[in-house]
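Trainee: Could we go through this structure together, one question at a time?
Mentor: Sure, pull it up and ask away.

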Amino acid sequence: MKRGLCRMSLLELESKVFEKFPHIFNGDSNKVEQAEKIVEALRHLIELCGDDPNRDGLLETPQRVLKAFLEYTEGYQEDPKEHLKKVFDVQHRELVLVKDIEFYSICEHHFAPFFGVAHVGYIPNEKITGLSKIARMVDGYAKRFQVQENLTNQIADAVEEILEPQGTMVVVEAKHMCMCGRGIKKSDAKTTTTAVRGVYAERSDSRMEFLTLLNR
């Protein structure tokens, strides 16, 4: 009887997952079945780790985990480059730098979070975009299964492709829980990655200007 009651509760909670993400599940029976299998697999994982998936504190955890991962990976539901296509006719030929864009992502190797800030700069040619659009683009790529190196290059490549600037430079700084909370467990370790395109790849003085502005 207890198992039947738990299963009924699971089904009710699963419907809440489907309602929260209709763009993923609506009318797709295969994805609904996948979600149900994931919920059941998470129950087995809890058991494997040594706890009881039927106790009060863990009963709803599989659904919460599924909902959380669908939210963490919302970037797959869009093309982040599209945000940059809103451009303005402004005569500006010097550096545009957006600093300290916070992001949260999931490491594709361990499904552990990594988070930090991205600094995105470009020297316009004929196009500029809204500053918030750059932040939205960063979020779109971050909300996927990622490694920091790929994230950095994807941001730079999007700016290059859509805005066609004279040059693009991206610096990403992040802490990785797969390094801080497990494995070597170095809680203060940070990782910095860069990507340079156009004049930033060719001229050290342009790179130095960018890095100097970051430290102000």
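What follows is a short run of questions and answers about this structure.

Mentor: Ground rules before we start: this is a predicted model, where local features need pLDDT of at least 70, side-chain atom pairs count only at pLDDT 80 or more, and totals for chains, interfaces and linings use all residues. Residues are numbered from 1 along each chain as its sequence is written, and side-chain values use heavy atoms, with hydrogens and water left out.

Trainee: How much space lies in the largest pocket?
Mentor: A pocket here, on a 1 Å grid over the protein atoms alone, is an open set of points where a 1.4 Å probe fits, with protein on both sides within 12 Å along at least five of seven lines; lining residues have an atom within 4 Å of a point. Points are joined across faces, edges and corners, and the volume is the space filled by probe spheres set on them. For the largest pocket that comes to about 230 Å³.

Trainee: Which helix supplies the largest share of the lining of the largest pocket?
Mentor: Helices are DSSP runs of H or I with at least four residues, strands are E runs of at least two, and both are numbered from the N terminus. Helix 2 (22–25), helix 3 (29–49) and helix 4 (61–72) each give at least two residues to that lining. The largest share, 4 residues, comes from helix 3.

Trainee: How do the lining residues divide into nonpolar, polar and charged?
Mentor: Ala, Val, Leu, Ile, Met, Phe, Trp, Tyr, Cys and Pro count as nonpolar, Asp, Glu, Lys and Arg as charged, and the others, Gly among them, as polar. The lining includes Ile24, Phe25, Lys31 and Gln34. The split is 7 nonpolar, 3 polar and 1 charged.

Trainee: Is lysine 81 buried or exposed?
Mentor: Lysine 81 sits in the loop between helix 4 and strand 1 (87–88). Leaving out residues up to four places away in sequence, lysine 81 touches Tyr141, Ala158, Glu161 and Ile162, where contact means heavy atoms within 4.5 Å. Buried means under 20% relative accessible area, exposed over 50%, and partly exposed in between (1.4 Å probe, protein chains only). Lysine 81 has 18%, so the label is buried.

Trainee: What is the phi of aspartate 100?
Mentor: Aspartate 100 is found in strand 2 (residues 96–107). With 48% relative accessibility, aspartate 100 counts as partly exposed. Its phi is positive even though the residue is not a glycine, near 55°.

Trainee: Where is phenylalanine 111?
Mentor: Phenylalanine 111 also has a positive phi, about 55°, without being a glycine. Its relative accessible area is 43%, so phenylalanine 111 is partly exposed. Its place is in the loop between strand 2 and strand 3 (113–123).

Trainee: How many disulfides does a search of the whole structure find?
Mentor: A disulfide is a covalent bond between the sulfur atoms of two cysteines. The cut-off used here is a pair of cysteine sulfur atoms within 2.5 Å. The sulfur of cysteine 49 is 18 Å from the closest cysteine sulfur, in cysteine 178, so that is too far for a bond. The search result is 0.

Trainee: Which cysteine sulfur is nearest to that of cysteine 107?
Mentor: Cysteine 107 is in no disulfide, with the nearest cysteine sulfur 4.0 Å away. Cysteine 107 is buried, at 6% relative accessible area. That nearest sulfur belongs to cysteine 178.
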